[in-house]
Amino acid sequence: MAGSIIELTGLTRRYGQFTAVDNLSLTVDKGEIFGLLGPNGAGKSTTILMILGLTEPDAGTVRVCGLDPTTEPVEVKKRVGYLPEEVGFYDDMSGLDNLVYTACLNGIPQAEAGEKAKRLLERVGLADDSHKKAGKYSRGMRQRLGLADVLIKDPEVIILDEPTLGIDPAGVKEFLNLIVELSREHKITVLFSSHHLHQVQMVCDRVGLFVGGKLLACGDVQSLASQLFGKSPYTIEAGLDLPGSHSGDSAANQLLGDIMESIMHIDGVSDIRKENLMIRVACNRDLTGEIAAVVISSGAQLKSLNKREYGLDDIYYRYFEGGDNND
Amino acid sequence: MDWTISITDILKEVTTMTDTPITNTAGKSRISERVKHPFRVIMEKEISDHVSGWRFIILAAIIALTCLGALYTALTNISQAVKPNDPEGTFFFLKLFTVSDGTMPSFMVFISFLGPLLGIGLGFDAINSEHNRGTLSRILSQPIHRDYIINAKFTAAIAVISVMLMSLCLMVMGAGLTMLGIPPTAEEFVRMVLFILLGILYVAFWLNLAILFSVLFRQPATAALSAIAVWLFFTVFYPLIVSLITKSIEPPATATPSQLVAFEQFRLALLRVMPNQLFSEATTTLLMPSVRSLGPLTMEQLIGALPGPLPLGQSLLLVWPHVTGLAAGTIISFVISYVLFMRREIRPR
């Protein structure tokens, strides 16, 4: 809507024989949180380095905020904040001093830098530790300090490369919430690279799936799911209890067969499987009500009914399966 | 720890002091004047890191102590050093730097011996430690040019070294002044300042070599060891190799004078590959004005020459090639490390 802020076209980067990023084209819109999802070594970090101008592409172009990072790296770096995978600070300086140093490198006057750093430390919840040496910070605190460090230059875009690596689950949740809040508050575009599906699903508006240097699919989680599971995006699981089923009664099996038969006849059902007393129905729309009606009218008891929507997990694994099959 | 704070405070004070007159004259640019150039920001940080670090304190203490020792031997032996009719009699004060009784080397020799250690000590982890701490990629993602980092590291180390050598030499001079009661002449003073500048250039050579190794090697320990290996090679092994080579091709006693001269020049050319040889020849010429030539002299050239000190200009002329050689070595290693650093891909850790 507001136009694109990062545009990559035909981006390629080779290391000798190995192609880290292969003809990548990608657009990130202003103000959105974009997730780069892929396994380790998929070329996510290389792409990020090229966006920042820290590595030159072999082919293709990068435009960030309308600028080319290879020729105008300083202008780009004024607008883009980057939090590397393992962010390093000067261990013998306090968290506050580390931030002030970054601020001064960004041309913020000393007095203002101190104020700003304090405000940001408070925002990321490190106000009490601001005078502690950065070497004594825990991993989660370092990442939060890193976030403050990225924000001190008032960036238009922030790039986070595996920012949640090595933080405990509670810390991750807090950290992700912080990112979302800050991005909404300051209207910052976020490029979030991760191999953690759930984290990406939690925060990102759109996701790009990255495997072997190629972008396999791109879109929000819903549209990715429908691209992949086009025929049957819904799975409904129904747990049954049949009279006499525990004694292995043949009448019970007969009843189960009948139920499955009539479910199969509902319009929109594409597949049905049973596992003991659980039946799993794949269908193209939400048929929970219809299935319940069939089960109850047959005389069996309905113990549970569960509708599953596809998450990024399924999409992820489905892609890797698909990728293997294509090779 | 308080030490660090006090130094940064002092730096802050200095900047505000120097900034105030500017802001007063141009009221409008008050805010913009306060904004420090990123290069200066990095340099100030590097200097305060050096000065507050244990490494520099230890190196400075070693050098200061040995220089005190040298000063002591010089002061106790200076009375024997001056002989009647000595052509250097007028350069009495310079003897402070060159006199020794054989048990302890002179100040000049100490500087040529410990200078490399100082340069290597301040440079061997310039780039690789930043990389290993993961700070390099963070700093490089700030809006600065990449070469600011390597330039600022070099400039900061040189600034620290210059201040240290300069103050050390001035202290030796001051001590000599009070002990001997004879002030140095203007020419002596200029010669001493030139000696200090030469010393800074010499240390800068080793500093740049160390920075080069810090770009080449990921591990600071490897970089330090390689730099020390180069230093040991030049101080211990290279002279041995040169003497082996020259012994094997030494002309017989019956050789013609031109052959002898050619041989001697070849031997000197081999020796002058060593930066420490260049430095010691150059300092000797500067601090002992009676040295008239650094190569072989024929009898013809000596006949009729009056034994007397060379004027400053002539001494300078004599050491000019040496200075050029040292400067070239310094620049070459800096250029190599600069190019390597600029072309390297900076990955986080």
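How many bridges join strand β6 to strand β7 in chain A, and in which sense do the two strands run? In this predicted model, β6 (residues 157–161) and β7 (residues 189–194) of chain A are held together by 5 bridges and run parallel. One of the pairs is easy to pick out: A:Val157 has A:Thr189 in β7(A) as its bridge partner.

These two strands belong to a bigger arrangement. Chain A has an open sheet of 6 strands, and reading across it gives the order β5-β6-β7-β3-β8-β9, with mixed pairing. The edges are taken by β5 (80–83) and β9 (214–219) of chain A; each has a single partner strand, so one side of each is left without a neighbour in the sheet. Going from one strand to the next, the twist averages 15°.

Further along the sheet, β3(A) and β8(A) pair in the parallel sense, this time over 4 bridges. Here A:Leu37 has A:Leu209 in β8(A) as its bridge partner. The pairing of β8(A) with β9(A) is antiparallel and comes to 5 bridges, with A:Gly208 partnered by A:Cys218 in β9(A). β8(A) and β9(A) make a hairpin with 2 residues between them, and A:Gly212 in the turn has a positive phi of about 55°.

Helices lie against this sheet too. Helix α1 (residues 44–52) of chain A crosses β3 (33–37), β5, β6, β7 and β8 (206–211) of chain A, and runs at about 150° to β6(A). Helix α5 (residues 139–151) of chain A also packs on the sheet, where it touches β5 and β6 of chain A, and its direction makes about 165° with that of β5(A).

A good place to look at the surroundings of β7(A) is A:Ser193, which sits in that strand. Is A:Ser193 buried or exposed? A:Ser193 is buried, with a relative accessible area of 0%. Leaving aside residues up to four places away in sequence, A:Ser193 touches A:Leu36, A:Lys44, A:Ile48, A:Leu160, A:Asp161, A:Glu162 and A:Pro163. Another buried residue is A:Leu197, with a relative accessible area of 7%; A:Leu197 lies in helix α7 (residues 197–203) of chain A. The C-alpha atoms of A:Leu197 and A:Gly38 are separated by 8.9 Å, although the two residues are 159 residues apart along the chain.

Chain A has another open sheet, this one of 3 strands in the order β2-β1-β4, with antiparallel pairing. β2 and β4 (59–64) of chain A stand at its edges with a single partner strand each, so one side of each has no neighbour in the sheet. Neighbouring strands here are turned by 15° against each other on average, direction ignored. Strand β1 (residues 4–15) of chain A is joined to β2(A) by 8 bridges, and the two run antiparallel. Within β2(A), A:Leu26 stands opposite A:Leu8. Helix α1(A) turns up again at this sheet: it lies across β1, β2 and β4 of chain A, running at about 120° to β1(A).

A couple of backbone angles in chain A deserve a look. A:Asn23 has a phi near 45°, a positive value in a residue other than glycine. A:Asn23 is part of strand β2 (residues 18–29) of chain A and counts as exposed, at 53% relative accessibility. A:Lys187 likewise has a positive phi, near 55°, in a residue other than glycine. The place of A:Lys187 is the loop between α6 (169–186) and β7 of chain A, and A:Lys187 counts as exposed at 66% relative accessibility.

Over in chain B, helix α10 (residues 186–216) has 31 residues and reaches 45 Å from its first C-alpha to its last, close to the 45 Å expected at 1.5 Å a residue. α10(B) is mostly covered, with 23 of its 31 residues buried.

Finally, the two chains meet. At their interface, 29 residues of chain B are in contact with 31 residues of chain A. Chain B and chain A bury about 2900 Å² between them, 58% of it on carbon and sulfur atoms. On the chain B side, B:Arg138, B:Ser141 and B:Pro143 lose the most area to chain A, together 23% of what that side buries. The interface has 1 salt bridge by the rule. B:Arg138 takes part in a salt bridge with A:Asp149, their side chains meeting at 2.9 Å, N to O.

How values were computed. Residues numbered from 1 in each chain as written. Chains lettered and ligands numbered in written order. Predicted model: local features only at pLDDT ≥ 70, side-chain atom pairs only at ≥ 80, totals over all residues. Heavy atoms only, no water. Pairing = 2+ DSSP bridges. Axes fitted to C-alpha atoms, helices over the stretch in contact; angles between N-to-C directions. Contact = heavy atoms within 4.5 Å. Expected span 1.5 Å × (residues − 1). Buried < 20%, exposed > 50% of the residue type's maximum accessible area, 1.4 Å probe, protein only. Buried area = accessible area lost by both parts, 1.4 Å probe. Salt bridge = Lys/Arg side-chain N within 4 Å of Asp/Glu carboxyl O.
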